[in-house]
Amino acid sequence: MDTAHADPTAADGTTEDLQAHFEHTIRRDQRIEPRDWMPDGYRKTLIRQIAQHAHSEIIGMQPEGEWITRAPSLRRKAILFAKVQDEAGHGLYLYSAAETLGADRADLTNRLIEGRQKYSSIFNYPTPTFADVGVIGWFVDGAAICNQVPLCRSSYGPYARAMVRICKEESFHQRQGYELLMTMMRGTDAQRAMVQDAVDRWWWPSLMMFGPPDDNSPNSAASMAWKIKRHSNDELRQRFVDMTVPQAQKLGVTLPDPELRWNEERGRHDFGTPDWSELQRVISGNGPCNTQRLERRAAAHEEGAWVRQAAAAHAAKRAAHEPKGAVA
């Protein structure tokens, strides 16, 4: 029997008993595991969040992947290739975590391709220069670190454990991006201008990565109550700004926000308000690259069908020849 979907009124106790045990586990900061009883709302919230995270890793291969064949040196090509490969791995870890909740990976992929599930808005922006590769590493992976390190303490065990390895690799990606930009800033005037242009284009979309403001975030409150996530969107956005400002000063670039300044009384930076109408347009499918990203994902899925079919046939053939009761 699928224990993840077992009758909650089975021998383990009544629904009320199981709900009370679940809430007690959350309050004590202990982990919920796949075989544990959990409310439908908790399961659905996790599937939505983990699937969106997985989709973001897979779609996120595209903006930088476009530069693999055009990287300026063999070293940069190898670094970029390794990073894109890491992102594919992150997506697989997360799809596996979603499967422990009863989700079907093929169904999640179809939902993404058909536009019924979302991915991070940041990946719908173009990468016209190689400086974009560095800024994605610095801003986008930096924002991911702010958002994802607390997820290592998520209340759902498989998600939290997947995030440990993902965060280690994201930290490495962030340092790689910053190193690339530092190298370019030590180069020609044209290279420095290229970096500043990329910073100007990616700053505000990076702030939007954390989601809408807390008073307009439909899912944040429930996720925090269940300790799926530990900090609100606005808290994470503030952390990112405070982390990034001194890095920008060291790099020698200007962040494109005239309202950005240190607030001595608050002990943090004040900053301007992102264009939330732009975020809504992008997540609704009207960003600069939405159509392109999904078309490429659909094409890759279709072209890879023979690999999935071959793998399934091999697994079935192997299973048919294994002795009954054999342990893999």
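**Exercise 1. Sort the lining of the largest pocket into nonpolar, polar and charged residues.**

Solution. Start with the classes: Ala, Val, Leu, Ile, Met, Phe, Trp, Tyr, Cys and Pro count as nonpolar, Asp, Glu, Lys and Arg as charged, and the others, Gly among them, as polar. The lining then divides into 19 nonpolar, 18 polar and nine charged residues. The model is predicted: local features need pLDDT of at least 70, side-chain atom pairs count only at pLDDT 80 or more, and totals for chains, interfaces and linings use all residues. Residues are numbered from 1 along each chain as its sequence is written, and side-chain values use heavy atoms, with hydrogens and water left out.

Next, the volume. A pocket is an open set of points on a 1 Å grid over the protein atoms alone, with protein on both sides within 12 Å along at least five of seven lines; a cavity is a set where a 1.4 Å probe fits but cannot get out; lining residues have an atom within 4 Å of a point. Points are joined across faces, edges and corners, and a volume is the space filled by probe spheres set on them. The largest pocket holds about 1200 Å³. It is lined by 46 residues, and Arg48, Gln52, Met209, Phe210 and Gly211 are the closest to its centre.

Last, the elements. Helices (H or I, at least four residues) and strands (E, at least two) are DSSP runs, numbered from the N terminus. At least two lining residues come from each of α2 (40–59), α6 (131–148), α7 (157–185), α9 (220–225), α10 (233–251) and α11 (276–286).

**Exercise 2. Describe the second largest pocket by volume, lining and elements.**

Solution. The volume is about 530 Å³. Of the 17 lining residues, Ile58, Met61, Leu92, Arg297 and Ala300 are the closest to the centre. Two or more residues come from each of α3 (61–65), α4 (74–99), α5 (105–113) and α12 (290–303). By class, the lining has eight nonpolar, five polar and four charged residues.

**Exercise 3. Find the largest cavity, then place Gln176 in its lining.**

Solution. The count comes to one cavity of 30 Å³ or more. The largest cavity has a volume of about 130 Å³. Its lining has 13 residues, with Ile79, Leu80, Val133, Gln176 and Leu180 nearest the centre. α4, α6 and α7 each give at least two of the lining residues. The classes are five nonpolar, five polar and three charged.

Now take glutamine 176. It lies in helix α7. Its relative accessibility is 18%, so it counts as buried (buried is under 20% relative accessible area, exposed over 50%, partly exposed in between, with a 1.4 Å probe and protein chains only). Beyond its neighbours within four places in sequence, glutamine 176 is in contact (heavy atoms within 4.5 Å) with Ile79 and Lys83.

**Exercise 4. Classify the ring pair of tryptophan 67 and phenylalanine 130, then that of tryptophan 138 and tyrosine 178.**

Solution. Rings of Phe, Tyr and Trp (its six-membered ring) pair if their centres lie within 6.5 Å; planes under 30 degrees apart count as stacked, over 60 as edge-to-face and the rest as tilted. The structure holds eleven aromatic pairs. For tryptophan 67 and phenylalanine 130, the centres are 5.7 Å apart and the planes stand at 65°, so the pair is edge-to-face. Tryptophan 67 is in the loop between α3 and α4, and phenylalanine 130 is in the loop between α5 and α6, so the pair ties together parts 63 residues apart in sequence. Both residues are buried.

Tryptophan 138 and tyrosine 178 also form an edge-to-face pair, at 5.7 Å centre to centre and 65° between the planes. Tryptophan 138 is in helix α6 and tyrosine 178 in helix α7, so this pair ties together parts 40 residues apart in sequence. Tryptophan 138 and tyrosine 178 are both buried. They belong to one aromatic cluster with Phe139, Trp203, Phe210 and Phe240.

Finish with the charge over a ring (NZ of Lys or CZ of Arg within 6 Å of the ring centre and within 35 degrees of the ring normal). Arginine 70 lies over the face of tryptophan 67, 3.8 Å from the ring centre.

**Exercise 5. State where methionine 38 lies and list its contacts.**

Solution. Methionine 38 is in the loop between α1 (15–27) and α2. Its relative accessible area is 4%, so it is buried. Leaving aside neighbours within four places in sequence, methionine 38 contacts Phe22, Ile32, Glu33, Arg43, Leu101 and Tyr156.
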